[in-house]
Amino acid sequence: MVMLTSCSSAGQNKTEKGPLNIVTTTSMITDMVKEIGGSAVNVNGLMGAGVDPHLYKASEGDVNKLFKADMVIYSGLHLEGKLVEVFENMEHQHIKMVAITDTIDRKLLISSALFASNYDPHVWFDISLWKAASAYVAQKLSTADPENRNLYNTNLNRFLSKLDSTEKVIREKISSLPSEKRILITAHDAFNYFGKAYGFEVLGLQGISTATEAGVKDVQNLANYIVEHKVKAIFVESSVPKRNIEALQEAVRSKGFDVVIGGTLFSDALGNPGTAEGTYSGMIIFNVNTIVDALKN
Ligand SMILES: [Zn+2]
């Protein structure tokens, strides 16, 4: 007779029927895992709209969810900087931990000596890297739950085509903006991958993490740059307080130049569920439309 104890099944291959219980961190990852996992998974996302992953700390409720999960899928590269200890603890408990950036070739990552992981973690803004991460997630789901391998593969392929059409849409929109106007200035350094992939000069007021404050000198330097390059617009981010960008706008005005706030971009979190910006593809398209329309004039 074989005895199965359900309480010891965490982190091992699934032994019971029923959807895989998955906990995700950012809303971009939640969207991806729902797309690929479909009806075969239960996805519990920890971070909703407007939540900053750099500063996010696990509540007691989160820790309970995490320890009950069959698998935890997170970004890695120290994006979830305050969860690193909890995650290490979970690894010791043999819970299956998947950092989606593990699969990305280090040569494709942007180095950042000042940031804890030595790499910039905002990989979702390069669609090709998000495709690589999606394939990795499908592979991890298939290994944990081989019975649903076909479903994961079908869903993955559908998601990859959606990402291809998203990329086509944004490249077309960007092509309408003259290259000398492709300067993107936002609250923190979230858009380096975006700039590299789609040809924008990118400058953030705060560094890679929002945990470090922008200094007076940073504001003045950036204000000088805006005046010198006659940049039309700068952007707020939905997961970062807007006061820093407003201070930058003031500094530019005090130098006799007017820069507008071109809108709010989604950087480290998607928009509200049920809206177009509440999905990865919708968020990317919304950002690009906002950026291009504000910088065009
Ligand atoms: Zn960030």
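In this predicted model, helices α4 and α5 meet along an extended list of residues. On the α4 side these are Ile-127, Trp-130, Lys-131, Ser-134, Ala-135, Ala-138, Leu-141 and Ser-142, and their partners in α5 include Arg-149, Tyr-152, Leu-156, Phe-159, Leu-160 and Leu-163. Further along α5, Asp-164, Thr-166, Glu-167 and Ile-170 also take part in this meeting with α4. The axes of the two helices come within 10 Å and cross at roughly 175 degrees. Since angles over 145 degrees count as roughly antiparallel, α4 is therefore roughly antiparallel to α5.

Helix α5 (residues 149-175) has another partner in α9 (residues 280-296), and here the axes lie 10 Å apart at an angle of about 0 degrees. That makes α5 roughly parallel to α9, because angles under 35 degrees fall in that class. The α5 residues involved are Lys-162, Leu-163, Thr-166, Val-169, Ile-170, Lys-173 and Ile-174. Across from them, α9 offers Tyr-280, Ser-281, Ile-284, Ile-285, Val-288, Asn-289, Val-292 and Asp-293.

What about the nonpolar interior? In soluble globular proteins, nonpolar side chains tend to be buried together. The largest nonpolar core here has 78 residues, and Trp-130, Phe-194 and Leu-248 are the ones touching the most other members. Helix α4 (residues 127-144) gives the most to this core, supplying nine residues. A second core, separate from that one, has 15 residues, with Val-23, Tyr-56, Tyr-74 and Leu-83 among them. Back in the largest core, Phe-194 reaches well beyond its sequence neighbours: leaving aside those within four places, it is in contact with Phe-125, Ile-174, Leu-184, Gly-199, Phe-200, Val-288 and Ile-291.

Tyr-198 sits in helix α6 (residues 192-198). With a relative accessible area of 5%, Tyr-198 is buried, because the cut-off is under 20%. Not counting residues up to four places away in sequence, Tyr-198 touches Phe-125, Asp-126, Ile-127, Glu-167, Ile-170, Arg-171 and Ile-174. One of these, Glu-167, is 31 residues away in sequence, with 9.8 Å between the two C-alpha atoms.

Then there is the metal. Which residues hold the zinc ion? Coordination comes from His-54 (NE2), His-122 (NE2), His-188 (NE2) and Asp-268 (OD), at 1.9 to 2.1 Å. The angles among the four donor atoms run from 95 to 123 degrees, and the site is tetrahedral. For comparison, the ideal angle for four tetrahedral donors is 109.5 degrees. Along the sequence, the donors follow the spacing H-x67-H-x65-H-x79-D. His-54 and His-188 link distant parts of the chain, 134 residues apart: His-54 is in the loop between β2 (41-45) and α2 (60-68), while His-188 is in strand β5 (residues 183-188). His-54 counts as buried at 3% relative accessibility, and so does His-188 at 0%.

Finally, two loop residues have backbone angles worth a look. Most residues other than glycine have a negative phi. His-94, though not a glycine, has a positive phi of about 60 degrees. This residue, His-94, lies in the loop between α3 (84-92) and β4 (96-99) and is exposed, with a relative accessible area of 61%. Lys-230 is not a glycine either, yet has a positive phi of about 50 degrees. The place of Lys-230 is the loop between α7 (216-229) and β7 (233-237), and with a relative accessible area of 58% Lys-230 is exposed.

Methods: Residues are numbered from 1 along each chain as its sequence is written. This is a predicted model: local features need pLDDT of at least 70, side-chain atom pairs count only at pLDDT 80 or more; totals for chains, interfaces and linings use all residues. Side-chain values use heavy atoms; hydrogens and water are left out. A nonpolar core is a set of buried Ala, Val, Leu, Ile, Met, Phe, Trp, Tyr and Cys residues joined through side-chain atoms within 4.5 Å. Buried means under 20% relative accessible area, exposed over 50%, partly exposed in between (1.4 Å probe, protein chains only). Helices (H or I, at least four residues) and strands (E, at least two) are DSSP runs, numbered from the N terminus. Contact means heavy atoms within 4.5 Å. Donors are N, O and S atoms within 2.8 Å of the metal (3.2 Å for Na, K and Ca); water is not among the atoms, so sites may look incomplete. Four donors count as tetrahedral if all angles lie between 85 and 135 degrees; four count as square planar and six as octahedral if opposite donors are over 155 degrees apart and all others between 65 and 115; anything else is irregular. Axes are lines fitted to C-alpha atoms, for helices over the stretch in contact, and angles run from 0 to 180 degrees between N-to-C directions. Angles under 35 degrees count as roughly parallel, over 145 as roughly antiparallel, 65 to 115 as roughly perpendicular and the rest as oblique.
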